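Visitor: I should like a close look at a single part of this model, namely its principal pocket and the charged residues that belong to the surrounding account. Please take the pocket as the point of departure and proceed from there.

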Amino acid sequence: MSNGVYSALSGARARTQLLDMVGNNLANANTTGYKKDRLAFEALIDGARQRGAAKGVNFNRSAEGYTDLRQGTLETTGNPLHVALEGPGFFKIEGQGGTFYTRQGNFRLDAEGFLVSGAGHRVLGANGPLRLTVEDEVRIDENGRVWNGEAEAGRLEVVTVNDPRTLEKRADGLFAPGAETVEEPLERPTLVQGQVEASNVNPLEEMTLLIEAHRSFESFTKVFKIYSNVNSKADELGSLG
């Protein structure tokens with residue numbers, strides 16, 4: 001089979017991955033604190049790699065995906081339990097299987113009075129999960145200290161990590177620490193009560209990517225069909241000879 005067939009197939013597959021990624025970003029354009037995903041593409045074009053792993057075939061493949069952690073805009077909700085991080089850092093969340101990080105600050109109280117994330121995971125303070133009693137008398141200062149009425153209920157635990165690329169993206173806006181992740185407490189975080197961080201997805205940018213990926217997929221599909229027809233004709237001529 002012609003090398004062009006393999007190249008076209010790998011190119012179409014890579015664009016399918018891109019279409020799936022962009023579709024997921026668009027679906028979460030209005031999700032609080034969502035961080036968009038990205039894919040980078042590369043071709044196996046140097047001679048040594050083609051003769052080796054690629055066996056002479058110029059594959060177009062997607063590199064490892066990554067998450068764009070740039071901050072989204074801050075939106076005012078007026079809810080005293082909502083809090084946005086301005087600048088670096090993550091909230092710490094107690095989830096199933098361990099501790100996670102998130103930028104989603106759309107907190108609420110559960111039936112037991114614990115401060116939880118939008119998905120129901122308990123929010124961690126410096127001394128463990130935070131528990132409140134009066135929702136409408138909650139005050140959170142820019143350093144993360146939480147007052148419940150006149151009493152200080154604790155302080156939101158805000159941390160940074162040594163390398164955000166070591167984090168593993170999970171559902172519900174959570175990030176799991178990887179094997180090489182090292183966290184450090186953020187001594188002077190900047191928190192804003194009554195606001196949340198919006199998704200960092202730009203719908204117009206994603207729609208442009210979607211159109212480009214779809215056109216590219218169609219082009220690779222057409223090339224694949226052309227090479228397939230050429231190979232079929234070559235097989236027919238070979239059988240006649």
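Guide: The model is a predicted one, and the account begins with its largest pocket, whose volume is about 290 Å³. Twelve residues would be a long list to recite, so the central ones may stand for the rest: of the 12 residues in the lining, Tyr66, Thr67, Pro164, Arg165 and Leu167 lie nearest the centre of the pocket. By character, the lining divides into five nonpolar, three polar and four charged residues. Two strands, strand 4 (66-67) and strand 17 (168-169), each supply at least two residues of that lining.

Strand 4 leads on to Asp68, which is found in the loop between strand 4 and strand 5 (74-76). Asp68 counts as buried because its relative accessibility is 9%, the cut-off for buried being under 20%. Leaving aside residues up to four places away in sequence, Asp68 touches Lys35, Lys36 and Asn200. The C-alpha atoms of Asp68 and Arg38 are separated by 6.9 Å, although the two residues are 30 residues apart along the chain.

One of those contacts, Lys36, deserves attention of its own. Side chains of opposite charge can pair when their charged atoms come close. The structure holds 14 salt bridges, and one of them joins Lys36 to Glu205, with the closest N and O atoms 3.3 Å apart. Lys36 lies in the loop between helix 1 (3-27) and strand 1 (37-38), whereas Glu205 belongs to helix 3 (residues 203-240), so this pair ties together parts that are 169 residues apart in sequence. The two partners differ in accessibility: Lys36 is buried, with a relative accessible area of 4%, while Glu205, at 34%, counts as partly exposed.

Strand 17 offers another salt bridge, that between Glu168 and Arg170, in which the closest N and O atoms are 3.0 Å apart. Glu168 is partly exposed at 36% relative accessibility, and Arg170 is partly exposed as well, with a relative accessible area of 42%. As for bridges with shared partners, they join Lys36, Arg38, Asp68, Arg70, Glu205 and Glu206 into one network. Asp68 and Lys36, introduced above, are thus both members of that network.

After strand 17 comes a backbone feature. Asp172 is placed in the loop between strand 17 and strand 18. Most residues other than glycine have a negative phi. Asp172, however, is not a glycine and has a positive phi of about 65 degrees. Its relative accessibility of 43% makes Asp172 partly exposed.

The nonpolar interior completes the picture. The largest nonpolar core has 20 residues, and those with the most contacts inside it are Phe91, Leu115 and Leu156. Strand 6 (83-85), strand 7 (90-95), strand 13 (138-140) and strand 18 (174-176) each supply at least two residues of this core. A second, separate core has six residues, including Tyr101, Val159, Leu167 and Phe175. Leu167 therefore links the account back to its beginning, since this residue of the second core is also among those nearest the centre of the largest pocket.

Methods. Residues numbered from 1 in each chain as written. Predicted model: local features only at pLDDT ≥ 70, side-chain atom pairs only at ≥ 80, totals over all residues. Heavy atoms only, no water. Core = buried A, V, L, I, M, F, W, Y, C linked by side-chain atoms within 4.5 Å. Buried < 20%, exposed > 50% of the residue type's maximum accessible area, 1.4 Å probe, protein only. Helix = DSSP H or I, 4+ residues; strand = E, 2+ residues; numbered from the N terminus. 1 Å grid on protein atoms, 1.4 Å probe; cavity = no way out; pocket = protein on both sides within 12 Å on 5 of 7 lines; lining within 4 Å. Points joined across faces, edges and corners; volume = space filled by probe spheres on them. Nonpolar A, V, L, I, M, F, W, Y, C, P; charged D, E, K, R; others polar. Contact = heavy atoms within 4.5 Å. Salt bridge = Lys/Arg side-chain N within 4 Å of Asp/Glu carboxyl O.
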